[in-house]
Amino acid sequence: MRFFAPTNVYLEKECVYNHKAELISYGTKAYIITGRHSAKANGSLDDVTGVLKEANIPFIIFNEIEENPSVETVARA
């Protein structure tokens, strides 16, 4: 089995909004996987969900990922 997962990393203010066309080009639904606190606390989760709402893209948030996630957590996700 082989997976190809290219990655773009942006380091700039308002990067989610600046690249929202790219974000919404990935599909018609989103599954957001994040830890319990930091994405919400630092505002990045709100940035992403804001862009998705603006584009009318439905999403689900799974925010139960712990550090070094267990196999059980991955299976639950």
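**Exercise 1. Place Thr 49 in the fold and decide whether it is buried or exposed.**

Step 1. Thr 49 sits in helix α4, residues 44–54. Helices here are DSSP runs of H or I with at least four residues, strands are runs of E with at least two, and both are numbered from the N terminus. The model is predicted: local features need pLDDT of at least 70, side-chain atom pairs count only at pLDDT 80 or more, and totals for chains, interfaces and linings use all residues. Residues are numbered from 1 along each chain as its sequence is written, and side-chain values use heavy atoms, without hydrogens and water.

Step 2. The relative accessible area of Thr 49 is 7%. Thr 49 is therefore buried (under 20%; exposed is over 50%, partly exposed in between; 1.4 Å probe, protein chains only).

Step 3. Set aside neighbours within four places in sequence: Thr 49 then contacts Ile 32, Phe 59 and Ile 61. Contact means heavy atoms within 4.5 Å.

**Exercise 2. Find which residues of α4 are buried, and what they pack against.**

Step 1. The buried residues of α4 are Leu 45, Thr 49, Val 51 and Leu 52.

Step 2. Viewed down the axis of α4, these buried residues fall within an arc of 155°, so they line one face of the helix. The arc is taken from the directions from the helix axis to the C-beta atoms.

Step 3. Recall the helix geometry: an α-helix has 3.6 residues a turn, so residues three or four places apart point the same way.

Step 4. The packing partners of the buried residues are α1, α2, β1, α3 (38–41) and β2 (59–65).

Step 5. Check what follows the helix. Just after α4, Asn 56 has a positive phi of about 55°.

**Exercise 3. Describe the lining of the largest pocket by element and by class.**

Step 1. Elements that each supply at least two lining residues are α1 (15–18), α2 (20–24), β1 (30–35) and α4.

Step 2. β1 gives the most, with 5 residues.

Step 3. By class, the lining holds 16 nonpolar, 6 polar and 3 charged residues. Ala, Val, Leu, Ile, Met, Phe, Trp, Tyr, Cys and Pro count as nonpolar, Asp, Glu, Lys and Arg as charged, and the others, Gly among them, as polar. A pocket is an open set of points on a 1 Å grid over the protein atoms alone, where a 1.4 Å probe fits, with protein on both sides within 12 Å along at least five of seven lines; lining residues have an atom within 4 Å of a point.
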